[in-house]
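These are my notebook entries on a single protein model. I record what I looked up, item by item.

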Amino acid sequence: MLLTQLSGEAQQTAQHPWLKATKIAEKTWRIADGDIDNIYLLEGKDSALLIDTGIGVVDLHLFIKTITSLPIIVVNTHSHPDHSGRNNQFKKVYAHPAGFVML
């Protein structure tokens with residue numbers, strides 16, 4: 001994995017053969033999941049919020065740890081498999097109750 005500084009606004013990127021994270025704002029990352037969908041990571045003071053976990057092709061938890069050392073809380077926007085594929089790698093996962101059956 002590679003962490004680099006981009007020119008201009010000094011955005012940062014973390015790269016993996018399947019995942020690419022781009023810092024889009026202070027403590028906010030957009031992670032391209034194989035250019036199929038996006039996952040978002042927001043770092044707080046005591047923990048980080050991961051919005052969706054992608055399609056589940058690679059070890060997302062290991063990749064997230066290259067960006068932040070904070071404990072991760074996952075929230076799924078909805079229960080489709082391309083948004084919840086790696087939920088199993090995280091201890092705290094939240095979703096709408098209507099999606100529990102599919103998850």
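**Entry 1: Asp52.** I began with the contacts of Asp52 in this predicted model. Setting aside residues within four places in sequence, I found Asp52 touching Ile39, Val75, Asn76, Thr77, His78 and His83. I then looked up one polar interaction: the side chain of Asp52 comes to 2.8 Å from the backbone nitrogen of Thr77. For His83, I noted a C-alpha separation of 5.0 Å from Asp52, although the two positions lie 31 residues apart in chain numbering.

I next asked where Asp52 sits in the secondary structure. I placed Asp52 in the loop between β6 and α1, the latter spanning 60-64. Is Asp52 buried or exposed? I recorded Asp52 as buried, because its relative accessible area is 4% and the cut-off for buried is under 20%.

**Entry 2: Ala48.** I moved to strand β6, residues 48-51, which holds Ala48. I read a relative accessible area of 1% for Ala48, so I entered this residue as buried. Which residues does Ala48 touch beyond four places in sequence? I listed Leu41, Leu42, Glu43, Thr68, Leu70, Pro71, Ile72 and Ile73. Of the partners, I checked Ile73 by backbone position: its C-alpha atom is 6.2 Å from that of Ala48, at 25 residues along the chain.

**Entry 3: the cavity.** I searched for enclosed space and found one cavity of 30 Å³ or more. I noted about 40 Å³ of space for the largest cavity. I wrote down its lining as Leu19, Asp33, Ile39, Thr53, Gly54, Ile55, Gly56, Val57, Val58, Leu60 and Arg86. How does this lining divide by residue class? I counted six nonpolar, three polar and two charged residues. I also marked Ile39, as this residue appears in the lining and among the contacts of Asp52.

**Entry 4: the whole protein.** I turned last to the overall fold and recorded two helices and eight strands. Along the sequence I read the order β-β-β-β-β-β-α-β-α-β. I noted that the protein has 103 residues, with 35% of them buried.

What share of the contacts with a separation of 6 or more joins residues 24 or more positions apart? I entered 38% for this share. For the surface, I recorded an accessible area of about 6,200 Å², with 56% of it belonging to carbon and sulfur atoms.

Technical notes
Residues are numbered from 1 along each chain as its sequence is written. This is a predicted model: local features need pLDDT of at least 70, side-chain atom pairs count only at pLDDT 80 or more; totals for chains, interfaces and linings use all residues. Side-chain values use heavy atoms; hydrogens and water are left out. On a 1 Å grid over the protein atoms alone, a cavity is a set of points where a 1.4 Å probe fits but cannot get out, and a pocket is an open set with protein on both sides within 12 Å along at least five of seven lines; lining residues have an atom within 4 Å of a point. Grid points are joined across faces, edges and corners, and a volume is the space filled by probe spheres set on the points. Ala, Val, Leu, Ile, Met, Phe, Trp, Tyr, Cys and Pro count as nonpolar, Asp, Glu, Lys and Arg as charged, and the others, Gly among them, as polar. Helices (H or I, at least four residues) and strands (E, at least two) are DSSP runs, numbered from the N terminus. Buried means under 20% relative accessible area, exposed over 50%, partly exposed in between (1.4 Å probe, protein chains only). Contact means heavy atoms within 4.5 Å. Accessible areas come from the Shrake-Rupley method with a 1.4 Å probe; for residues, only the protein chains shown count as cover. A polar contact is a pair of N or O atoms within 3.5 Å; within protein, one must be able to donate a hydrogen and the other to accept it, and residues adjacent in sequence count only if both atoms are side-chain atoms.
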